[in-house]
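Reader: I'd love a close look at a single part of this protein. Could you pick one helix and walk me through how its residues are placed and what surrounds them?

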Amino acid sequence: MTEPDVLQYTNFRVYLRDYYEYKKKTQPAFSLRFFAEKAGLSSHAHLKLTIDGKRNITKSTVTKLIHGLGLIKQRAIYFENLVFFNQATDGIIWDNWIATY
């Protein structure tokens, strides 16, 4: 089993879920609480709600998740953009995001 590559995803929530499941299988002690602490988040519950699609995340949380996921350079930028793209609710935001790529 190989670690999920964020560049292969179009939904950050699916990526987070797959990352968690991969870590859980390869490191049985891995938990949402551990992941949240590693990322510097104050609540593992917020992370669970985010993965489940019940909460959105802020830029600050995105930055923390990037650190917790160990993403660098291209993958960090991609993850950040993916979050904002997936959370966009306004057609103008979508159009502006698409125009940058």
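**A close look at helix α2**

Author: Happily! Let's begin at the end of the helix: just after α2, G40 adopts a positive phi of about 80 degrees. Keep in mind that this is a predicted model.

Helix α2 itself covers residues 32-39, and its buried residues are L32, F35, A36 and A39. Viewed down the axis of α2, these buried residues fall within an arc of 100 degrees, so they line one face of the helix. The spacing has a simple background: an α-helix has 3.6 residues a turn, so residues three or four places apart point the same way.

What does that face meet? The buried residues of α2 pack against α1 (12-26), α3 and α4 (59-69).

One of these partners, α3, spans residues 44-51 and includes T50. T50 is buried, with a relative accessible area of just 1%; the cut-off for buried is under 20%. Leaving aside residues up to four places away in sequence, T50 touches F12, R13, R55, N56 and I57.

Stepping back to the whole chain, there are 6 helices and 0 strands, which read along the sequence as α-α-α-α-α-α. Of the 101 residues, 36% count as buried. Among contacts between residues at least 6 apart in sequence, 47% join residues at least 24 apart. As for the outside, the accessible surface of the chain comes to about 6300 Å², with 55% of it belonging to carbon and sulfur atoms.

Notes:
Residues are numbered from 1 along each chain as its sequence is written. This is a predicted model: local features need pLDDT of at least 70, side-chain atom pairs count only at pLDDT 80 or more; totals for chains, interfaces and linings use all residues. Side-chain values use heavy atoms; hydrogens and water are left out. Helices (H or I, at least four residues) and strands (E, at least two) are DSSP runs, numbered from the N terminus. Buried means under 20% relative accessible area, exposed over 50%, partly exposed in between (1.4 Å probe, protein chains only). Contact means heavy atoms within 4.5 Å. Accessible areas come from the Shrake-Rupley method with a 1.4 Å probe; for residues, only the protein chains shown count as cover. The arc is that of the directions from the helix axis to the C-beta atoms.
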